[in-house]
Amino acid sequence: MTRFKKTAAGVLTAALCITLTVPAGAEGAAKKPKLSKSKLSVKTGKTVTLKVKNATKAKISWKSSKKKIAKVKASGKYGCKITGVKRGNAVITCRIKKGKKTTTLKCKVTVQQPKKTDTLKKTPDPTNTPAAPVQTPVITPPAPETPTPAPTPDPNSILGKYGEIFPYLGNCLNSWQLQDTETMSHVKKHYNSFTLENEMKPNSLLGFWATPISKKQAKEKGYILPNTYTETYVPQLNFEQLDKSLETAYNNGLKMRGHTLLWHSQTPQWFFVKDYSNGSTVVSKEVMDARLEFYISTVMSHVMEKEIELTGEAGSIVYAWDVVNEYLHHGYAGNITTWTSVYGEQNLKPAYVKKAYELAYGQLVNYGVQDKVTLFYNDYDTYFNADHLVKLVDYINEGEEADICGGIGMQTHLDVDRPTIDVYKKALDMFLNTGLEIQITELDVTINWDHKSAYDYKDEGQTDEDQAAYVRDFMEMVINTQKNLDKAVNEKGITSLTIWGLYDSVSWRGGAQQKGNSRPTLFDTSINDPKPSFQEFLNAAEVWQQP
């Protein structure tokens, strides 16, 4: 736009004697590329044409999300032919590259079976004797496929009790639990969502040691490298477990929280070091900015492309992303090499954190899912520094056209002694008053927890009944807060509640790693061993129906 105006100004200066009438709006920006259709249907065995407009002198490529349903082939400079293969839905992706800018457009395709209207012809009798009339059977077209209705939740399950209160109810799972039939049956009974405990964290995707590949190889894998990425090599990302998890979610009718993109913990130190090595020389801020953009853009794009492959629609499985986790507690990282090693201490105005949200939100916009997928800031002990958290989120959203950080994640690792329910309630109200979406992301409640010194087990004589009483009081407070929500201030309120751990022995706060068992979850030794707190958790939901 600036270069255009300067050029126009030069032409006018050189030709003052010419009177030029400029139509209104002619000085506007060039028209954006768009598809001739955003939705279309085609019969199996038939072909339809799709074209892209306003893409002169651009490099255009086409891709089908499900080749077994709809095939796509380029046709001419600006079009493609889409052939229906079998009944179903697919998404045709058009990538338009012009100079340094790449635009992605999508068209939803529905492939239908052709109607069977032909009738059976009479077969001549091979003899000369008159044949009995041949009745023409009536062939009825197959009924269109309709989605299988979701089963009615068990009324004595978490999903059955809380389904009307919170849109998403979940637990944290790891790769082996996702492959266990009995575990998944339990999950589908009680939840409609899950969070990967580790498999989406940077350590899992980047690996403990770097596997460098060339920039050409990276682009062939679909990695997104910004123009500012000047390094020779790119670290290879391992999406195997993540892809399997997305497939498991889809196959079981479950949604996912994306946890997490940036964290000072569980991010390999080599990611901040020159040449992705085991050395100690950290890269410059400019190099780290490019790495940050590569990582966020590539991970989010990969997930949304996988969603398109599985369901035909981006944003259909992962409904929330923890873009940044625990920034307010990054000081506990100690001497490890991490984000502050490169960017320094930036208090409540960390530029790289804001940049992370800008990049993540940009990916949502690229795929057109910014209105159905929310980006969160997630942290623990939020009830003790609620004002700082609000200031941080205000800074992230400052000057933006939209709330690029659209939600606050309250991890909610509680103890029967800490915090008091009144303290938690005060923080929850403060967060709701921001108008942002709120999610309880990692709920557990310990007993006998020595939070004052070692954050470890300490026998204080507390029992399962003490935990159950606290759980009921706490959940009644949360439900009443949701019930009495002022929608003029916060339209969505609390949109998700995730319990952190299926049962005590697999919980990070209650397993063998502790000196004793602080019993943080609702189940004891297995998913078949509910504790008193489980029943009180269910009982608390009764307040939702009370006047």
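The following exchange concerns the secondary structure and packing of one predicted chain.

Biologist: On what basis are local features accepted in this model, and how many helices and strands does the chain have?

Modeller: This is a predicted model in which local features need pLDDT of at least 70 and side-chain atom pairs count only at pLDDT 80 or more, while totals for chains, interfaces and linings use all residues. Residues are numbered from 1 along each chain as its sequence is written, and side-chain values use heavy atoms, without hydrogens and water. Helices (H or I, at least four residues) and strands (E, at least two) are DSSP runs numbered from the N terminus. The chain has 14 helices and 21 strands.

Biologist: What percentage of the 547 residues counts as buried?

Modeller: Buried means under 20% relative accessible area, with a 1.4 Å probe and protein chains only as cover. Of the 547 residues, the buried part is 48%.

Biologist: Why does the span of helix α13 agree with its number of residues?

Modeller: The expected span is 1.5 Å times one less than the number of residues. For the 20 residues of α13 (464–483) this should give 28 Å, and the agreement follows because the end C-alpha atoms are apart by 28 Å.

Biologist: Which elements do the buried residues of α13 pack against?

Modeller: The buried residues of α13 include Tyr 470, Phe 474 and Met 477. With contact meaning heavy atoms within 4.5 Å, the buried residues of this helix pack against α2, β17, α12, β18, β21 and α14.

Biologist: What is the handedness of the crossing of α8 and α10?

Modeller: Helix α8 (285–311) and helix α10 (351–366) pack at an angle of about 30 degrees, with their axes 9 Å apart. Axes are lines fitted to C-alpha atoms over the stretch in contact, and angles run from 0 to 180 degrees between N-to-C directions. A crossing is right-handed if the near helix is turned clockwise from the far one by less than a right angle, and left-handed if anticlockwise. The crossing of α8 and α10 is right-handed.

Biologist: In the open sheet of four strands, which strands stand at the edges?

Modeller: Strands pair if DSSP finds at least two bridges between them, and this sheet has the order β2-β8-β7-β4 with mixed pairing. Each edge strand has a single partner strand, so one side is left without a neighbour in the sheet; these strands are β2 and β4.

Biologist: Which residue of β8 is the bridge partner of Val 42?

Modeller: β2 and β8 pair in the parallel sense over five bridges. Val 42 belongs to the covered face of β2, along with Leu 40. The bridge partner of Val 42 in β8 is Val 111.

Notes:
Buried < 20%, exposed > 50% of the residue type's maximum accessible area, 1.4 Å probe, protein only.
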